[in-house]
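The following exercises invite the reader to examine a structure step by step. Each task is followed by a worked solution.

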Amino acid sequence: MTTWLQEQFRRYYARPRIHFPDRFPRREYALIPFGEQHMQRHLAVKTREDLQSLLERRVPAHIYYSSAYYETPDAPTMTEKGWMGADLIFDLDADHLPGAGGLSYPEMLAAVKQEMIKLLDFLQGDFGFGEADLAVYFSGGRGYHCHVTDARVQTLGSQERREIVDYITGRGLDTQSLLQERTVYRQGNITQTSLEMPLPDEPGWRGKISREIIRFFQSLLDAPEEEALQQLTQFEGIGPKTARTIYEGLTPQRIQRMRQGKFDQFPYIKKMAPHLIRRSAVELRGEPDEPVTADVKRLIRLPGSLHGKTGLRVEHVPLGDIDQFDPLVDAVVFDDSPVALTLKKGTAISMKNRSFDLQPGSHTVPAYLAALLVGRGLATVDS
Amino acid sequence: MDIYVLARYPFLSEAKEVVRRENVRTEEILHDPIYERARDIGRQRVTDALEEGVVGGYPVASETDALMNIFSYPIARMIVASVGHPYFRGRYALAEAKRAYEFLQGESRDFLLQVARELEVAVDDDLRLHFADYLRHAPTRSQRWKLVNMPLSQGWLSLDHRELARVLQNAIQHRLFEELRDMRPPSEISNVFREEVTAIRNTLQQREMREKAEMGEASVAKLPPCMRMLLAAIQTGANVPHVGRFTLVSFLNAIGMDTEEILGLFAASPDFDRERTRYQIEHITGKVSGTDYTPPSCASIKTWGLCPTDKMDAICRRVNHPLSYYRIKGRRRK
Ligand code: SF4
């Protein structure tokens with residue numbers, strides 16, 4: 001029995017817009033059919049038409065391909081497959097964001113997008129990947145993926161990839177040497193020390209942290225007193241009294257000194273540094289076991305395919321457009337033909353720039369919204 | 001390149017070219033009295049690698065000396081390949097690489113660049129290294145060398161002379177290990193160097209036995225608290241971060257468990273995936289890469305938050321390394 005949603009997918013897959021991964025015949029494909037939990041793995045295709053016809057015949061709820069490319073992609077075990085290399089994949093998902101639980105779907109997506117923008121800054125600035133080797137996709141679900149196809153990283157093993165993850169998440173950062181005490185003056189038993197911080201234009205994390213410190217204190221200086229104090233007391237170990245001392249000691253001259261790497265008589269920074277580091281880092285946590293990026297044989301959603309739980313397309317996000325990209329407009333594929341359904345739970349959402357605020361019960365809504373509601377199990381289509 | 005210089009780096013292609021240009025057959029190298037010196041130094045290289053963990057210090061007073069040094073290297077390699085022991089291949093590659101590192105520190109910048117190019121390590125004229133090659137070769141297990149602490153910008157990072165030499169040491173080690181792994185030594189070798197090959201095999205075996213005896217039967221009862229905790233976590237299917245797995249597997253490997261035994265321990269886990277787990281284990285124990293990682297020290301384990309400080313016992317307080325804990329515990333039981 002084909003369901004309404006499956007029928008929509010069937011129509012899409014009759015003329016899909018797939019982004020073929022490079023070396024697509026060397027990839028493993030895997031799919032989950034409608035109504036099933038189990039993933040069928042170890043599929044391979046030789047030509048574009050093969051993949052096209054696979055989609056047309058099977059109409060999967062979810063389809064994936066391997067970040068790795070293999071000698072024999074359809075062999076059943078890793079050893080027989082013969083690993084040749086793998087793209088570097090970053091999977092940013094709302095599930096990995098602390099505090100995302102309380103957010104609405106669009107808010108969640110916006111929060112993940114901010115992380116992606118931070119990630120791109122690392123990938124383009126620190127790692128120097130060119131635009132041709134970077135591709136960002138909306139996952140169709142609750143996040144974004146970034147694929148790096150630079151040949152120099154494709155053969156890295158998982159230990160090496162883990163180092164990249166650690167860089168981006170700031171794990172193992174030697175915070176001690178970032179801020180160092182230096183004796184500037186000593187006479188008898190009088191010693192004067194000064195705290196040195198990195199310069200904003202230094203490479204690597206040193207410069208990053210320096211810029212973040214300066215940015216933070218500049219924003220405090222620019223903010224109304226009330227707000228600045230409140231910002232400060234958010235830090236662990238900084239009470240109202242200390243906050244006031246910090247705020248009152250803050251002058252444009254002092255920030256100018258920071259730009260020159262001097263942090264004199266301003267010891268509080270040590271307390272705040274860990275927080276400022278966290279802000280500069282990307283949240284890739286939540287998968288302590290095998291971070292996706294370190295996995296050299298991971299399956300990822302096929303760009304251009306549909307996500308079975310939303311009906312949204314795994315959509316390519318041009319790097320220059322990421323700020324404007326709105327998944328609930330740009331990744332919508334179904335049209336607005338009316339669909340009658342029964343909603344189980346009240347839902348408020350805006351899609352294709354139309355706001356919906358629906359109570360439980362019967363409604364007629366555009367097909368694209370129906371797909372999202374049905375996919376998430378919030379509604380059933382009336383027959 | 002000067003032949004004296006080449007004698008320090010007999011693994012460089014230019015040194016190999018010298019051997020080729022002399023146009024001698026393997027037969028001659030193995031039997032001709034002219035190459036007696038080369039054979040002696042070759043033997044010495046191998047023994048030094050085994051006993052000292054580093055080769056070198058053979059006199060290079062004349063051009064002939066230098067040439068003999070260069071010739072000794074292919075001989076040594078053939079002996080190592082005939083021994084056919086993966087651990088020993090790794091040890092020999094490391095011993096040669098260490099020696100090279102000692103010299104490299106004193107060489108010119110241009111020379112370092114040249115060696116880097118030969119090893120296909122991407123370095124630009126300002127000694128900046130591409131991060132991918134840095135990750136392949138730098139000892140990133142130690143915090144100082146972690147990528148996150150390096151001045152990375154636009155994909156490249158600057159190293160000083162010594163740091164680059166250190167990275168090259170590892171690149172040399174990896175290159176030599178791969179070459180040894182793929183080498184099929186002529187059978188004649190095992191005849192000429194029968195004594196040496198047998199002696200080395202015996203030593204290796206004795207060492208393994210001694211280590212086993214010292215460690216006793218690998219036993220879970222002697223595991224320190226941190227390892228017990230990690231093992232229990234894995235067996236109950238709890239989420240264990242990669243460093244945790246790494247710590248436990250490298251430890252179990254060091255106390256003499258092989259892949260099968262470790263797999264046996266992990267099999268209790270509810271989401272046990274034999275193939276995947278085997279793959280992970282073999283990566284850590286060096287079956288795949290040739291580097292077998294030594295298990296981390298207490299200090300590292302503590303930094304990663306994997307030392308259950310509330311469960312530390314009297315032995316814990318005496319040791320800096322979980323392996324020492326294991327040894328002490330073994331002694332007590334006897
Ligand atoms: S002190 Fe060392 S051996 Fe003991 S539990 Fe901690 S890390 Fe393990």
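**Exercise 1.** By class, how many nonpolar, polar and charged residues does the shell around the ligand have?

*Solution.* The model is a predicted one. Begin by listing the residues around the ligand: B:Pro224, B:Pro225, B:Cys226, B:Cys298, B:Ile301, B:Lys302, B:Cys307, B:Pro308, B:Met312, B:Cys316 and B:Pro322. Next, assign each to a class, with Cys and Pro counted as nonpolar and Lys as charged. The shell then has 10 nonpolar residues, no polar residues and 1 charged residue.

**Exercise 2.** Determine where the ligand sits and which elements give two or more residues to the shell around it.

*Solution.* The ligand is placed in the largest cavity. Two or more residues of the shell come from helix 12 (225–235) and from helix 16 (298–303) of chain B. Helix 16 of chain B gives the largest share, 3 residues.

**Exercise 3.** Establish which residues of helix 10 of chain A are buried and how they are arranged about the helix axis.

*Solution.* Helix 10 of chain A spans residues 252–259, and its buried residues include A:Arg254, A:Ile255 and A:Met258. Viewed down the axis, the buried residues of this helix fall within an arc of 100°, so they line one face. On the other side of the helix, A:Pro252 and A:Gln253 are exposed. The cover over the buried residues includes helix 7 (204–222) and helix 9 (240–249) of chain A. After helix 10 comes A:Gly261, with a positive phi near 85°.

**Exercise 4.** Describe the setting of A:Val59 and of B:Leu127, and state the sign of phi in each.

*Solution.* As background, most residues other than glycine have a negative phi. Phi of A:Val59 is nevertheless positive, near 40°. A:Val59 belongs to the loop between helix 2 (48–58) and strand 3 (62–66) of chain A, and its relative accessibility of 8% makes it buried. Phi of B:Leu127 is also positive, near 60°. B:Leu127 is located in the loop between helix 7 (109–118) and strand 1 (128–130) of chain B, and is buried at a relative accessible area of 6%.

**Exercise 5.** Is A:Glu115 buried or exposed, and with which residues beyond four places in sequence is A:Glu115 in contact?

*Solution.* First locate A:Glu115 in helix 4 (residues 105–126) of chain A. Its relative accessible area is 10%; buried means under 20%, so A:Glu115 is buried. Apart from neighbours within four places in sequence, A:Glu115 has contacts with A:Leu92, A:Leu97, A:Ala281, A:Val282 and A:Glu283.

Terms used:
Residues are numbered from 1 along each chain as its sequence is written. Chains are lettered from A and ligands numbered from 1 in the order in which they are written. This is a predicted model: local features need pLDDT of at least 70, side-chain atom pairs count only at pLDDT 80 or more; totals for chains, interfaces and linings use all residues. Side-chain values use heavy atoms; hydrogens and water are left out. Helices (H or I, at least four residues) and strands (E, at least two) are DSSP runs, numbered from the N terminus. Buried means under 20% relative accessible area, exposed over 50%, partly exposed in between (1.4 Å probe, protein chains only). Contact means heavy atoms within 4.5 Å. The arc is that of the directions from the helix axis to the C-beta atoms. A residue is near a molecule or strand if one of its heavy atoms lies within 4 Å of it. On a 1 Å grid over the protein atoms alone, a cavity is a set of points where a 1.4 Å probe fits but cannot get out, and a pocket is an open set with protein on both sides within 12 Å along at least five of seven lines; lining residues have an atom within 4 Å of a point. A molecule sits in a cavity or pocket if more than half of its atoms lie within 2 Å of its grid points.
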